[in-house]
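Here are my notes on the ligand site, set out as numbered points. Please read them with the model open.

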Amino acid sequence: MTRLPLVMSGKSDGPEGDGSIATKTRTRTQRPPMYKVLLLNDDYTPMEFVVHVLERFFGLSHAQAFEIMLTVHKKGLAVVGVFSFEVAETKVAQVMDFARRHQHPLQCTMEKE
Ligand code: TYC
């Protein structure tokens, strides 16, 4: 069978060769926002209590917990970890509830990274 060239009467043609234009949609993958959990210094919460909180709720070793506690004590605050919104929210609530139950004024907050 003989294929005759198709005359497109002056219109441009794409790689498909049939006059159609192929299009692709590039969808950008969104990473979920992450949240820093911050521990704040105060004059009353015992150092050992803060170390215990960091070990218990953030899975830190005693040495890591002691180091972060000292940073908060000296600088006023420190980032304890970075988590998804829900995990950060849970950690903040756990720390605040534990501190309140022990009548310490320890403050823990979160902020978008
Ligand atoms: N500044 C407290 C003290 O001298 C210790 C402390 C450390 C309190 C870290 C809170 O997040 C804190 N007893």
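1. Helix 2 gives the most to the shell around the ligand, namely 3 residues. Please keep in mind that the model is predicted.

2. Which elements give two or more residues to the shell around the ligand? They are strand 1 (35-40), helix 1 (47-58) and helix 2 (62-75).

3. The residues around the ligand are L39, L40, N41, D42, T45, M47, V50, M69, V72, H73 and L106. Sorted by class, this shell holds 7 nonpolar, 3 polar and 1 charged residues.

4. Three contacts to ligand nitrogen deserve a look. In N41, a polar side-chain atom lies 2.8 Å from a nitrogen atom of the ligand. For H73, an N or O atom in the side chain is 2.9 Å from a ligand nitrogen atom. With T45 the partner is in the backbone: a polar backbone atom there is 3.0 Å from a nitrogen atom of the ligand.

5. How much of the ligand's accessible area does the protein cover? On its own the ligand has 350 Å² of accessible area, and the protein covers 89% of this.

6. Where does the ligand sit in relation to the pockets of the protein? The space that the ligand takes is the largest pocket. About 160 Å³ of space lies in this pocket.

7. The largest pocket is lined by 13 residues, and those closest to its centre are N41, D42, T45, V50 and H73. Of these, N41 and H73 have the side-chain atoms described in point 4, and T45 has the backbone atom. D42 and V50 are also among the residues around the ligand.

8. The lining of the largest pocket draws at least two residues from each of strand 1, helix 1 and helix 2. Helix 2 gives the most to this lining, with 3 residues. By class, the lining has 8 nonpolar, 3 polar and 2 charged residues.

9. To sum up, the ligand takes the space of the largest pocket, and the protein covers 89% of the accessible area that the ligand has on its own. Helix 2 gives the most both to the shell around the ligand and to the lining of the pocket.

Conventions: Residues numbered from 1 in each chain as written. Predicted model: local features only at pLDDT ≥ 70, side-chain atom pairs only at ≥ 80, totals over all residues. Heavy atoms only, no water. Near = heavy atom within 4 Å. Polar contact = N/O pair within 3.5 Å; in protein donor to acceptor, adjacent residues only side chain to side chain. Areas by Shrake-Rupley, 256 points an atom, 1.4 Å probe, with all protein chains shown as cover. 1 Å grid on protein atoms, 1.4 Å probe; cavity = no way out; pocket = protein on both sides within 12 Å on 5 of 7 lines; lining within 4 Å. Sits in = over half its atoms within 2 Å of the grid points. Helix = DSSP H or I, 4+ residues; strand = E, 2+ residues; numbered from the N terminus. Nonpolar A, V, L, I, M, F, W, Y, C, P; charged D, E, K, R; others polar. Points joined across faces, edges and corners; volume = space filled by probe spheres on them.
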